[in-house]
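Please look through the sequence and the structure shown here, and then follow the paragraphs below, which begin at a single residue and widen from there.

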Amino acid sequence: MKRIAVKIGSNVLTRKDGTLDITRMSALVDQVADLHRQGMEIVLISSGAVASGRSEIKAGKKLDPVSARQLYSAVGQAKLINRYYELFREHGMTCGQVLTTKENFGSRTHYLNQKHCMEVMLENKVIPIVNENDTISVTELMFTDNDELSGLIATMMGMDALVILSNIDGIYNGNPSDPDSSVIREIECGKTDLSEYVQTSKSSFGRGGMLTKCHIAQKVADEGIAVIIANGKKDNILPMLLAVDSDTVCTRFIPASKPVSSVKKWIAHSEGFAKGEIHINKGAEEALTAPKATSVLLVGVTRIEGDFEKDDIVKIMNEEGVQIGVGCTAYDSEEARKQIGQRDLKPLIHYDYLYLD
């Protein structure tokens with residue numbers, strides 16, 4: 001592996017009292033630095049800003065959740081990146097901060113601008129440290145958590161692997177606290193339903209949970225990127241996971257062998273930015289799900305919901321109202337509605353800009 005993304009969760013970087021665990025942070029930086037010296041390109045997606053800020057400042061009055069998040073992240077992010085900077089500098093290495101929001105992934109232009117920024121950093125041996133800009137990301141503008149962000153970064157940067165470090169060893173085939181439960185070591189590519197195994201509880205300091213990690217991991221693996229969920233509190237965990245024939249306890253999602261284009265990868269993760277819905281008939285659905293590649297044609301469209309512009313992301317719905325995919329539309333909504341049911345027109349969504357669930 002030449003290029004990997006490493007997501008470090010809040011529960012890895014914080015102690016039980018919510019303060020930043022400098023010892024663990026330093027150990028992880030040491031591991032990343034060693035891999036970097038070996039020629040590996042690494043992007044860190046690091047949680048911990050809100051937890052870090054919470055341990056640094058005590059609000060003078062009771063704050064609502066949004067205000068508290070903005071305050072703690074503004075203070076905590078400065079503290080977090082400064083600590084990373086000092087730790088990497090001890091190794092003679094430079095890191096850089098990349099703060100982003102969910103909206104930055106909804107526009108292809110913004111998406112490519114972010115990608116270019118991080119490519120330039122990697123080319124110049126700078127280690128990008130990415131986090132959501134919690135000072136302005138609130139309510140519907142927020143990622144589910146940094147697991148979702150790490151999946152977007154991994155696909156955007158064409159990573160060989162995404163390593164998600166949590167505070168447990170992986171995905172268990174039962175309750176992790178049950179001694180009879182064990183870690184599922186490998187999950188083949190596909191739509192395996194793990195909801196009966198995965199605990200729905202969220203982390204103490206983060207917003208996510210293991211179910212979110214599984215959903216993101218499966219989607220990223222389907223796009224040809226290996227995903228590993230492991231315990232970030234274990235000593236020397238990164239070199240052990242990446243060693244040839246590693247037997248370290250973790251859950252590995254086996255990547256799909258069929259490559260996915262960079263545009264399709266972007267579209268696959270753009271469901272949350274959809275501006276409208278394209279409803280199609282049974283014949284169009286059968287054509288889309290057939291082995292032969294097919295575009296969404298206006299002759300198979302039954303109705304269009306929402307207002308959108310050309311090149312916006314839209315959801316594709318079948319007759320039962322079930323989403324079967326997302327795509328980038330070649331028409332605006334007004335023009336598309338006028339052409340519903342007509343033949344011999346350019347596709348509403350070309351196959352190259354279509355991702356089926």
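In this predicted model, a useful place to begin is Lys-7, which, leaving aside its neighbours within four places in sequence, is in contact with Ile-45, Ser-47, Asn-146, Asp-147, Ser-150, Val-163, Ile-164, Leu-165 and Lys-213. The UniProt record, an unreviewed entry, carries the annotation "binding site" at Lys-7. Because buried means under 20% relative accessible area, Lys-7, with a relative accessibility of 4%, counts as buried.

Lys-7 has its place in strand β1, and from there the view can be widened to the sheet. Strand β1, made of residues 3-8, pairs with strand β2, residues 41-46, in the parallel sense over 6 bridges; within this pairing, Ile-8 has Ser-46 of β2 as its bridge partner. Both strands belong to an open sheet of 8 strands, whose order is β3-β4-β2-β1-β5-β7-β8-β6 and whose pairing is mixed. At the edges of this sheet stand β3 (94-100) and β6 (186-187), and because each has a single partner strand, one side of each is left without a neighbour in the sheet. Strands of a sheet pair through backbone hydrogen bonds, either parallel or antiparallel.

Among the contacts of Lys-7 are Asn-146, Asp-147 and Ser-150, and these residues lead to helix α6, where Asn-146, Asp-147 and Ser-150 are among the buried residues. Helix α6 spans residues 146-156, and since 11 of its 11 residues are buried, the helix is largely enclosed by the rest of the structure. Just after α6, Gly-158 takes a positive phi of about 60°.

Further along the chain, the unreviewed UniProt entry places the annotation "domain: PUA" on residues 276-349. Over these residues the chain is 20% helix and 28% strand, while the end C-alpha atoms lie 13 Å apart. Within this stretch, strand β11 (residues 313-317) is mostly covered, as 4 of its 5 residues are buried. Strand β11 is joined to strand β9 (residues 276-280) by 4 bridges, the two running parallel, and in this pairing Gly-276 stands opposite Val-314 of β11. Strand β11 is also joined to β12 (residues 323-328), here by 5 bridges and in the antiparallel sense, with Val-326 of β12 as the bridge partner of Lys-315. Together β11 and β12 form a hairpin with 5 residues between them, and in its turn Gly-321 has a positive phi of about 80°.

Terms used. Residues are numbered from 1 along each chain as its sequence is written. This is a predicted model: local features need pLDDT of at least 70, side-chain atom pairs count only at pLDDT 80 or more; totals for chains, interfaces and linings use all residues. Side-chain values use heavy atoms; hydrogens and water are left out. Two strands pair if DSSP finds at least two bridges between them. UniProt positions are given in the numbering used here, feature names are shortened, and annotations may be inferred rather than shown by experiment. Buried means under 20% relative accessible area, exposed over 50%, partly exposed in between (1.4 Å probe, protein chains only). Contact means heavy atoms within 4.5 Å.
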